[in-house]
Amino acid sequence: PSDVFIQQIPFRRVRSMTWALRNADEALWLLGTLRDLRDAESLINLRYLNVCSPGSLSRPPPVDMAPVKIPHLSTLVLRTIVWPPFIAPCLRSLTLSRSSLTLARLCKTLENSPLLESITISHCVINRAANETVVSTSGTKITLAHLTLLAIHDYPHLSGATGEGFHDLLTTYLDIPTSATLVLTPMHTHSLDRATEQVLSAIELRFLSDIRMSVQLISNKDPANIMIFLKQELRFASHLNATGSNYAPDFIPSHSRDVKTRVQLHQPSNGVAFTKAIVRATATLDMNHISMLAVEDDSIPWSLCLTRLRNVQMLKVSTRAFATFPYLGFYRRLTTGTTSDEPSVFLPRLEVIWVDFDPPPPASDLQNQDGVLASLLSTLRNRHARLAEAGQAVGVKAVYLRNFKNLAEDDERVSNLRQYVPDVQVLDIDIPIPEPTIAHCADLKD
């Protein structure tokens, strides 16, 4: 574009603009031109702005760039460019991709956009210059009361400075409301199959840092009470109403409409490091606010994780992870220095067990189903015995079995379970499962 071309645009009539430019220098020039338009109200009707360019700047950008003011802009998309801060008081959606950010510039844009509902940052690096200061005009954290999604995808795990930039944003400068879902997905590194122990240890520490930060964020106010283990994902959520045996039998922690997902932590590349980080996190962090546990991944060493989850009242287990069952009937190994009133079993306050056969077995192949029911029965029997020996009340009040084929309420196997649990329900019909509220936003990871 040229100055002559820009002068021909009737900006006052433009509501949407998309610019695909040849290089980052042109993109920076364009934003500067929009900022310096002679008529201060030229962009009064602009609602949507998308600017993208390949490559990088041919020279370092200015350290202090004046902001671009667009009073009614609602959607801003910036890809592969260096950009100045924006003053957009009506902005509701911000997407940043493949850009080098400064913490001060990003915070200034967020502070000037109090109506933001969605922020997606992908393949970006947050830099903090040595002479850079981040100061909120109010002197407090930036509050985005309307925020529902903050997704940070493909940030490099092996760069400590980069990771600290995102952590600074989330813990020091931004007040994330309980209405928002935080999605964190570190960059996938293909070379990890041949990574050294030192590299894997660094990745584990970064995962651990992410988990600790997440627990800190969800514990500050209205603590999340659900912990969900999915394949390559750890999720924290809040249930709005039910506790203990009041959970309805159609409740599914990872999908229920009554559940608000607070944090999603994805691991795209190294499950071993992720698992080790989860174990270290549960062993060292306060997990007393977790009252519901959902397990759909069998790779977690449960003897190490369950010890700290003392207030769990409901356990939902997929049969893909039913190796979890036996631990509920084991003695919990007491550590040195524990008192005599320590619980003798894992999950001592457990009241409800939900078992979801996933995927449902074909009617002609029920051997695996029989194995799951036998394991559950053995677990309940052992748990009953352990608690009786310790003089503790038997807490499990209900068991829900879903997607078990050819299993009737009067089946002998169900009757055997009722010897140890008063309420056993067989749910042999499909329960509608709504789509998860927050997806991985894969379409934005270009």
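In strand β15, E233 is the bridge partner of L230. This pairing, taken from a predicted model, offers a convenient point of entry to the strands on either side of β15.

L230 belongs to strand β14, which spans residues 226-230 and pairs with β15 in the antiparallel sense over five bridges. The two strands form a hairpin with two residues between them, and within this hairpin Q232 adopts a positive phi near 60°.

β15 also pairs with a second strand. Strand β16, residues 259-266, runs antiparallel to β15 and is joined to it by seven bridges. Within this pairing, R235 of β15 stands opposite Q264 of β16.

The side chains of β15 may be considered next. In a regular strand, side chains alternate between the two faces of the sheet. In β15, E233, R235, A237 and H239 point one way, whereas L234, F236 and S238 point the other way. Both sets are buried. The strand, residues 233-239, is accordingly described as mostly covered, with seven of its seven residues buried. The charged residues E233 and R235 are thus counted as buried along with L234 and F236.

The cysteines remain to be addressed. A disulfide is a covalent bond between the sulfur atoms of two cysteines. With a cut-off of 2.5 Å between cysteine sulfur atoms, the count in this model comes to zero disulfides. Two cysteines can be placed by their accessibility. C52 counts as partly exposed because its relative accessibility is 22%, and C90 counts as partly exposed because its relative accessibility is 27%. Both assignments follow because the partly exposed class lies between 20% and 50% relative accessible area.

Definitions and conventions. Residues are numbered from 1 along each chain as its sequence is written. This is a predicted model: local features need pLDDT of at least 70, side-chain atom pairs count only at pLDDT 80 or more; totals for chains, interfaces and linings use all residues. Side-chain values use heavy atoms; hydrogens and water are left out. Buried means under 20% relative accessible area, exposed over 50%, partly exposed in between (1.4 Å probe, protein chains only). Helices (H or I, at least four residues) and strands (E, at least two) are DSSP runs, numbered from the N terminus. Two strands pair if DSSP finds at least two bridges between them.
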